[in-house]
Amino acid sequence: QRVLFPSLVKFAIVALVLQMVLPVFGSPAQAAGVNLSPNGIGNYDQWSVNTGFTKVAAVATDDADTSYIYVPSNNNRQSFTIPGAGIPSDALVVSVTIHAVAKEISGNAEIGLLVEKGSGSSNRSSGGSISLSDSYNAYARGMATNPFTSNPWTAAEVNDWGNLRFGVQKSNSSGVARVTHLYLEINYSEP
């Protein structure tokens, strides 16, 4: 009993101190995330879709060769509108990541993961070229900042993308690129 009693007293003191300190400093931020699927066609509509699907439906799920968009030609782009993230207005956006599940057919196809805000080269950002393999793999482009402003993403931006659209761009003239799934991941912390 003598050993147990001092331990209980120490525990009670630590608990009391934590109750007094946490309200002063606040509780730690809570990490959260949301995934967003395309809901419409963006400013670029240059890829094809396999029979029986719309382009939006074709990239909605990772279903391999059941549904996909594809293109053989260099510099062809396909962009999509994305719904707002619906995160709290005081959230701190950590990153916006474009995800694509893609593969190449018959020869070394490459893609870029595209952010665009209109036609013209100054209104596009496709990151680096990604060499695709001949089986479906997941590829991602993480962005801590808006590529057009170089400022960190804000909750207001991800809740209403304004004129920003997201998608893919064929980056070389070899092979055929196929994309079966495309989505955005928004990582943020809540105060």
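Reader: In which strand is Gln169 found?
Author: The model is predicted. Residue 169 falls within residues 165–170, the span of strand S11. Gln169 is therefore found in a strand, since strands are DSSP runs, and that strand is S11.

Reader: Is Gln169 buried or exposed?
Author: The relative accessibility of Gln169 is 9%. Buried means under 20% relative accessible area, so Gln169 counts as buried.

Reader: Which side chain does Gln169 join through a polar contact of 2.8 Å?
Author: Leaving aside neighbours within four places in sequence, Gln169 is in contact with residues including Trp47, Asn75, Asn76 and Arg77. One of these also has a polar contact of 2.8 Å with Gln169, side chain to side chain. That partner is Arg77.

Reader: Which residue of S7 stands opposite Gln169?
Author: Strand S7 covers residues 110–116. Among the contacts of Gln169 are Glu110, Ile111, Gly112 and Leu114. The residue that stands opposite Gln169 in S11 is Gly112.

Reader: How many bridges join S7 to S11?
Author: S7 and S11 run antiparallel. Gly112 and Gln169 stand opposite each other across these strands. The number of bridges joining S7 to S11 is 6.

Reader: Which residue is the bridge partner of Ile111 in S9?
Author: S7 also pairs with strand S9, residues 130–131, in the antiparallel sense over 2 bridges. On the S9 side, the partner of Ile111 is Ile130.

Reader: Which residue in S8 stands opposite Glu116?
Author: Strand S8, residues 124–125, runs antiparallel to S7 and is joined to S7 by 2 bridges. Opposite Glu116 in S8 stands Arg124.

Reader: How many of the residues of S7 are buried?
Author: S7 has pairings with S11, S9 and S8. The strand is mostly covered, and of its 7 residues the number buried is 6.

Reader: How many salt bridges does a search of the whole structure find?
Author: Lys55 forms one with Asp45. Lys103 forms one with Asp65, and Asp65 forms one with Arg178. The search of the whole structure gives a count of 3.

Reader: How far apart are the closest N and O atoms of Lys55 and Asp45?
Author: Lys55 is buried at a relative accessible area of 14%, whereas Asp45 is partly exposed at 45%. A salt bridge needs a side-chain nitrogen of Lys or Arg within 4 Å of a carboxyl oxygen of Asp or Glu. Lys55 and Asp45 form such a bridge, with the closest N and O atoms apart by 2.4 Å.

Reader: Which helix and which strand does that pair link?
Author: Lys55 and Asp45 form a salt bridge. The two residues lie 10 residues apart, in distant parts of the chain: Lys55 is in helix H2, residues 55–58, and Asp45 is in strand S2, residues 40–45.

Reader: Is Lys103 buried or exposed?
Author: Lys103 forms a salt bridge with Asp65, their closest N and O atoms being 3.1 Å apart. The pair links strand S6 to the loop between H2 and strand S4, across 38 residues. With 10% relative accessibility, Lys103 is buried.

Reader: Which residues do salt bridges that share partners join into one network?
Author: Asp65, partly exposed at 37% relative accessible area, forms a salt bridge with Lys103. Asp65 also forms one with Arg178, at 2.9 Å between the closest N and O atoms. Arg178 lies in strand S12, 113 residues from Asp65, and is buried at 18%. The network consists of Asp65, Lys103 and Arg178.

Definitions and conventions
Residues numbered from 1 in each chain as written. Predicted model: local features only at pLDDT ≥ 70, side-chain atom pairs only at ≥ 80, totals over all residues. Heavy atoms only, no water. Buried < 20%, exposed > 50% of the residue type's maximum accessible area, 1.4 Å probe, protein only. Helix = DSSP H or I, 4+ residues; strand = E, 2+ residues; numbered from the N terminus. Pairing = 2+ DSSP bridges. Polar contact = N/O pair within 3.5 Å; in protein donor to acceptor, adjacent residues only side chain to side chain. Contact = heavy atoms within 4.5 Å.
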